[in-house]
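Visitor: I am new to this structure. Please take one part of it and walk me through that part closely, then show me how the rest fits around it.

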Amino acid sequence: MEEDKRKRRISDELKLVKQVEKVFKDSDKTYGYRAMQRALYNEGIEISEYKVRRIMRENGFYSE
């Protein structure tokens, strides 16, 4: 039971990272975490700025 939750959480996190990466590349790598959070919200993904910032930092998504 606990392992299923963990696998689902990891899977959800990977999907979120992919979505952040897509929006980041679509923005020509110009979005910071605030613009990224707004863009994701406009796509129907409710995520905190803190989590966006963490995902961007952990995956090397720095605006140019």
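Guide: Start at the end of helix 3. Helix 3 is followed by G60, and the phi of G60 is positive, near 75 degrees. Keep in mind that this is a predicted model.

Now step back into the helix itself. Helix 3 covers residues 49–58, and R57 is found in it. E58 lies in helix 3 too. Take E58 first. Its relative accessible area is 53%, so E58 is exposed, the cut-off being over 50%. R57 has a relative accessibility of 47%, so it counts as partly exposed. The cut-offs explain that label: partly exposed lies between 20% and 50%, so 47% falls inside the range.

Other residues of helix 3 are buried. They are V52, R54, I55 and M56. Note that an arginine, R54, is on that list. What do the buried residues of helix 3 pack against? They pack against helix 1 and helix 2.

Two distances help to place the end of helix 3. The C-alpha atoms of E58 and V17 are separated by 9.8 Å, and these residues are 41 apart along the chain. For R57 and M36, 21 residues apart along the chain, the C-alpha separation is 13 Å.

Helix 3 also offers a side-chain detail. R53 lies over the face of Y33. The distance from the ring centre is 5.1 Å. As for pairs between aromatic rings, the count comes to one.

Next, the core. The largest nonpolar core has 14 residues. Those with the most contacts inside it are V20, M36, L40, I47, V52, I55 and M56. Three elements give two or more residues to this core: helix 1 (2–26), helix 2 (33–42) and helix 3. Helix 1 gives the most, with five residues. V52, I55 and M56 have already come up, as buried residues of helix 3.

Pick out V20 from that core. Leave aside its neighbours within four places in sequence. V20 is then in contact with M36, L40, I55, M56 and F61. Of these partners, I55 and M56 are among the buried residues of helix 3.

V20 leads on to helix 1. The buried residues of helix 1 are L16, V17, V20, V23 and F24. What covers them includes helix 2 and helix 3. V17 is the residue whose C-alpha was paired with that of E58 above, at 9.8 Å.

Helix 1 has 25 residues. From its first C-alpha to its last it reaches 36 Å. That is close to the 36 Å expected at 1.5 Å a residue. E2 has its place in helix 1. Its relative accessibility is 49%, so E2 counts as partly exposed. Now compare E2 with Y62. They are 60 residues apart along the chain, and their C-alpha atoms are separated by 34 Å.

What follows helix 1? D28 does, and its phi is positive, near 60 degrees. Here the positive value occurs in a residue other than glycine. D28 is found in the loop between helix 1 and helix 2. With a relative accessible area of 61%, D28 is exposed, because the cut-off is over 50%.

K29 is found in the loop between helix 1 and helix 2 as well. Its phi is positive, about 60 degrees, although K29 is not a glycine. At 35% relative accessibility, K29 counts as partly exposed.

Finally, the whole chain. Its secondary structure comes to three helices and zero strands. From the N terminus on, the order is α-α-α. The C-alpha atoms fill a box of roughly 40 × 25 × 20 Å, taken along the principal axes. The chain has 64 residues, and buried ones make up 27% of them. Its accessible surface comes to about 5000 Å². Carbon and sulfur atoms account for 46% of that surface.

One last figure concerns contacts along the chain. Consider those between residues at least 6 apart in sequence. Among them, 51% join residues at least 24 apart.

That brings us back to helix 3. Its buried residues pack against helix 1 and helix 2, and G60, with its positive phi, follows it.

Notes: Residues are numbered from 1 along each chain as its sequence is written. This is a predicted model: local features need pLDDT of at least 70, side-chain atom pairs count only at pLDDT 80 or more; totals for chains, interfaces and linings use all residues. Side-chain values use heavy atoms; hydrogens and water are left out. Helices (H or I, at least four residues) and strands (E, at least two) are DSSP runs, numbered from the N terminus. Buried means under 20% relative accessible area, exposed over 50%, partly exposed in between (1.4 Å probe, protein chains only). A nonpolar core is a set of buried Ala, Val, Leu, Ile, Met, Phe, Trp, Tyr and Cys residues joined through side-chain atoms within 4.5 Å. Contact means heavy atoms within 4.5 Å. Rings of Phe, Tyr and Trp (its six-membered ring) pair if their centres lie within 6.5 Å; planes under 30 degrees apart count as stacked, over 60 as edge-to-face and the rest as tilted. A charge sits over a ring if NZ of Lys or CZ of Arg is within 6 Å of the ring centre and within 35 degrees of the ring normal. The expected span of a helix is 1.5 Å times one less than its number of residues. Accessible areas come from the Shrake-Rupley method with a 1.4 Å probe; for residues, only the protein chains shown count as cover.
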